[in-house]
Amino acid sequence: MAAMIRLHNTLSGRVEEFVPIESGSVKLYTCGPTVYDFPHIGNWRSYVFEDLLKRLFLYRGFRVLHVMNITDVDDKTIRGANAKGVGLDEYTQPFIEAFARDRDVLAILPADVYPRATAHIEEMVGLIETLLEKDFAYRKDGSIYFAIDKFPAYGRLSKINREDLRPGSHSDADEYAKESVHDFALWKAPKEGEPVWETRIGPGRPGWHIECSAMSSKYLGRTFDIHCGGVDNIFPHHENEIAQSEAANGVKFVNYWVHGHHLVVDGEKMSKSKGNFYTLTDILARGYDPLDVRYLLVATHYRKMLNFTFEALDQARTARRRIGNFLGELRAAAQDGPSDPAVVRMVDEARAGFVAGLEDDLNISEALAAVFTLIKSAYPLLQCGGISGPDALTIASFFAEVDEVVAVKPAPLPREQLEAEILNKIEARQKARADRDFKRADGIRDELLEAGIVLEDTKDGVRWKKAGPPKS
Ligand SMILES: [Zn+2]
């Protein structure tokens, strides 16, 4: 099957067929962490969706050159360093390390390059010089601003009404609302308590947006294939990146803009004051496997709002274990015998469904449905007389392929742990029944059923057994 990947392009507002600039290769830029704090679960959602996209390309035979910036100088990092009374480097280093650690724990493939803003001041200065020469930028009180009215395409990505533009009004803030669209700072004049670089365009420090324009072009070229980020990056960050790069270089900056949607917690926007703000460490402290977290993040389509709840995380854990348990049983059931063409066909169908789903703008629900359908169809074979070694291998290798992309390493629960957990649940169900809380009792029974465990109430007490082929 030749790859035909379709992606939603924010620029056109449509799902488009992906056509690479250079056949068989993808140049990908994803906005990286601003290292002023530990990333929260919403940040990880973006990074995990970008990882799914990248892994799909790799799985479909593309070469991927992936660049992710590290924002180690901006309003927030400077504020944080000053509050703590330390230098910028000292302040950001632990967050850079924590980012790499959590990334590995979540099985996110590392980018090829992690350029740091503070190491690319020279490139940013060069770009700003070009913008000054071409008259897209102007100086004011030691700072340099981008004149948005000089760039007619301004607002195309975020669909800003050009009549709302207020050319000439400007601000030094890195982040601002769509309602106050204005000329933005490329270079900020020296200020008390801020780091200063002495450069050809004068002393000062870069604005936030210029770093991504300068560093993406350095590593990926002036025009590259895909730029990703969260929807909150669309304005002003990505809009400004386009303006800077296209004004300076005179060529299209990026062919496909792909944005991941927000994550909310219990239906509400995450905030430290509401107490619903989670880092990965907070969640793992509750005993979850990081790959359960990854499963949850990966299993909702990237353009849908993801509502993070611990209930949803439990369900993700159950789903991941269902795959793991199936693979464990598959291994145990394999025996001598010839290959059955029906099994090969079943796996081919599952693969086709998995690939078709992902190639359709990362439709993960469809892709995973193909995987679970295969599990349902294969269970009867495991139970009625086993499955031949070659067929078990065919199925297992397909699951290995799936995991190249989804990367949740489904592992069955160890037998003792599984039994202990089932017995705990049975006990909780008995207690609920004694309290006449039948809703809860039934809920526990259904939960076990989801995990492939059937309860039987006998006169000698409750017994459990592995479910037969799950009903569809
Ligand atoms: Zn960026």
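**Strand 8 and its partners**

I began with strand 8, residues 183-188, and found that 6 of its 6 residues are buried, so the strand is largely enclosed by the rest of the structure. I keep in mind throughout that this is a predicted model.

I then looked up which strands pair with strand 8. Strand 6, residues 143-146, pairs with strand 8 in the antiparallel sense over 3 bridges, and here I noted Ile144 standing opposite Trp187 of strand 8. Strand 7, residues 170-171, pairs with strand 8 in the parallel sense, over 2 bridges, with Ser171 opposite Phe184 of strand 8. Strand 10, residues 202-206, is antiparallel to strand 8 and is joined to it by 2 bridges; in that pairing Lys188 has Arg205 of strand 10 as its bridge partner.

**Pro203**

Staying with strand 10, I picked out Pro203, which lies in that strand. Is Pro203 buried, exposed or partly exposed? I read a relative accessible area of 33% for Pro203, which puts this residue in the partly exposed class. Leaving out residues up to four places away in sequence, I listed what Pro203 touches: Trp187 and Lys188, then Ala189 and Pro190, and also Val196, Trp197 and Glu198. Trp187 and Lys188 had already come up in my notes on pairing, the one opposite Ile144 and the other as the bridge partner of Arg205. I also took a distance across the model, from the C-alpha atom of Pro203 to that of Ala356, and got 53 Å for two residues that are 153 apart along the chain.

**The parallel sheet**

Next I turned to an open sheet of 4 strands, whose order is 4-3-11-12 and whose pairing is parallel. Which strands stand at the edges? They are strand 4 (63-68) and strand 12 (254-260), each having a single partner strand, so one side of each is left without a neighbour in the sheet. From one strand to the next I read an average twist of 25°.

Within this sheet I followed the join between strand 3, residues 25-30, and strand 11, residues 224-230, where 3 bridges link strands that run parallel. One residue I checked there was Tyr29, whose bridge partner in strand 11 is His227.

Helix 1, residues 41-59, packs on the sheet and touches strand 3, strand 4, strand 11 and strand 12, its direction making about 150° with that of strand 11. Helix 5, residues 209-220, lies across strand 3, strand 4 and strand 11, and runs at about 160° to strand 3.

**Asp51**

I stopped at Asp51, which lies in helix 1, and asked whether this residue is buried or exposed. Its relative accessible area is 3%, so I entered Asp51 as buried. Leaving aside neighbours within four places in sequence, I found Asp51 in contact with Ala107, Ile108, Leu109 and Arg294.

**The zinc ion**

Which protein atoms are the donors of the zinc ion? I found SG of Cys31, SG of Cys212 and NE2 of His237, lying 2.0 to 2.2 Å from the ion. Along the chain the donors follow the spacing C-x180-C-x24-H. The two cysteines link distant parts of the chain, since Cys31 sits in the loop between strand 3 and helix 1 while Cys212 belongs to helix 5, 181 residues apart. Both Cys31 and Cys212 are buried.

**Helix 10 against helix 12**

I then examined helix 10, residues 341-359, and helix 12, residues 389-406, whose axes come within 9 Å and cross at roughly 10°. That angle makes helix 10 roughly parallel to helix 12. On the side of helix 10 I listed Val343, Val347, Ala350, Arg351, Phe354 and Leu358; helix 12 brings Asp391, Thr394, Ile395, Phe398, Glu401, Val402, Val405 and Val406 to the contact. Sorted by class, the contact has 10 nonpolar, 1 polar and 3 charged residues.

**The whole chain**

Last, I noted the overall figures for the protein chain. Its secondary structure comes to 14 helices and 18 strands, and the C-alpha trace spans about 85 × 50 × 40 Å along its principal axes. Of its 472 residues, 51% count as buried. Among contacts between residues at least 6 apart in sequence, I read that 74% join residues at least 24 apart.

How values were computed. Residues are numbered from 1 along each chain as its sequence is written. This is a predicted model: local features need pLDDT of at least 70, side-chain atom pairs count only at pLDDT 80 or more; totals for chains, interfaces and linings use all residues. Side-chain values use heavy atoms; hydrogens and water are left out. Axes are lines fitted to C-alpha atoms, for helices over the stretch in contact, and angles run from 0 to 180 degrees between N-to-C directions. Angles under 35 degrees count as roughly parallel, over 145 as roughly antiparallel, 65 to 115 as roughly perpendicular and the rest as oblique. Contact means heavy atoms within 4.5 Å. Ala, Val, Leu, Ile, Met, Phe, Trp, Tyr, Cys and Pro count as nonpolar, Asp, Glu, Lys and Arg as charged, and the others, Gly among them, as polar. Two strands pair if DSSP finds at least two bridges between them. Buried means under 20% relative accessible area, exposed over 50%, partly exposed in between (1.4 Å probe, protein chains only). Donors are N, O and S atoms within 2.8 Å of the metal (3.2 Å for Na, K and Ca); water is not among the atoms, so sites may look incomplete.
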